[in-house]
Amino acid sequence: MMASPGATGAPSPTGGPGSRGSRVVLQRHRWLVLAVLVFINVLAYADRSMLTAFAPQITAELALTNTQYGILTGPVWVFAFGGMAMLFGSLADRHSRPLIIACGMVIWSACTVASGWAHGFGQMVAARFLVASGEAALV
């Protein structure tokens, strides 16, 4: 009995799914996906750092007390990120992971812009809560 060309481990002469060329493309695709995910996470980390890096300007612009600033950088982010990471993780187990990541990036991006437009503590809390929620989809 004769085995099919791809069944023996040898490259398929037709360039089908078992061919060496398709494995190289798949390998490149994996590295590209990894690079994009690393880049997104570096941006998310930088976004998280901005609130601390520009603390004097933000607190002055929004007239925040130290307590309000502490709430903004601590509990708001932790509770949003922690809660939403569990929700998005559960959704990612049942639905398309790329779609979950894309939705999270849209939420994160839009709310990062909204946090730049915030005019008070309440608006900033809402925006940063949603920023953290969007970032939670990336983990």
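**Close-ups of salt bridges and a ring pair**

**View 1. D93 and R97 pair up through a salt bridge.** In this predicted model, the closest N and O atoms of D93 and R97 sit 3.6 Å apart. Both of these residues are exposed. The structure holds 3 salt bridges, and the next two views show the others.

**View 2. R128 and D47 form a salt bridge between two helices.** Here the closest N and O atoms are 3.7 Å apart. R128 belongs to helix α6 and D47 to helix α1 (residues 20-53), so this pair ties together distant parts of the chain, 81 residues apart. Are these two buried or exposed? R128 is buried, and D47 is too.

**View 3. R48 and E135 meet in a salt bridge, side chain to side chain.** The N to O distance is 2.7 Å. Once more the pair links distant parts of the chain: R48 is in helix α1 and E135 in helix α6, 87 residues apart. E135 has just 2% relative accessibility, so it counts as buried, because buried means under 20%. R48, at 31%, is partly exposed.

**View 4. E135 has plenty to touch.** Look around E135, in helix α6 (residues 121-136), and skip residues up to four places away in sequence: you'll find it touching A44, D47, R48, W77, F81 and W108.

**View 5. W77 and F81 stack their rings.** A search of the whole structure turns up 1 aromatic pair. That pair is W77 with F81, 4.5 Å centre to centre, with 10° between the planes. Both residues lie in helix α4 (residues 75-94), 4 residues apart, which is about one turn of the helix. W77 and F81 are both buried.

Key: Residues are numbered from 1 along each chain as its sequence is written. This is a predicted model: local features need pLDDT of at least 70, side-chain atom pairs count only at pLDDT 80 or more; totals for chains, interfaces and linings use all residues. Side-chain values use heavy atoms; hydrogens and water are left out. Buried means under 20% relative accessible area, exposed over 50%, partly exposed in between (1.4 Å probe, protein chains only). Contact means heavy atoms within 4.5 Å. Rings of Phe, Tyr and Trp (its six-membered ring) pair if their centres lie within 6.5 Å; planes under 30 degrees apart count as stacked, over 60 as edge-to-face and the rest as tilted. A salt bridge is a side-chain nitrogen of Lys or Arg within 4 Å of a carboxyl oxygen of Asp or Glu.
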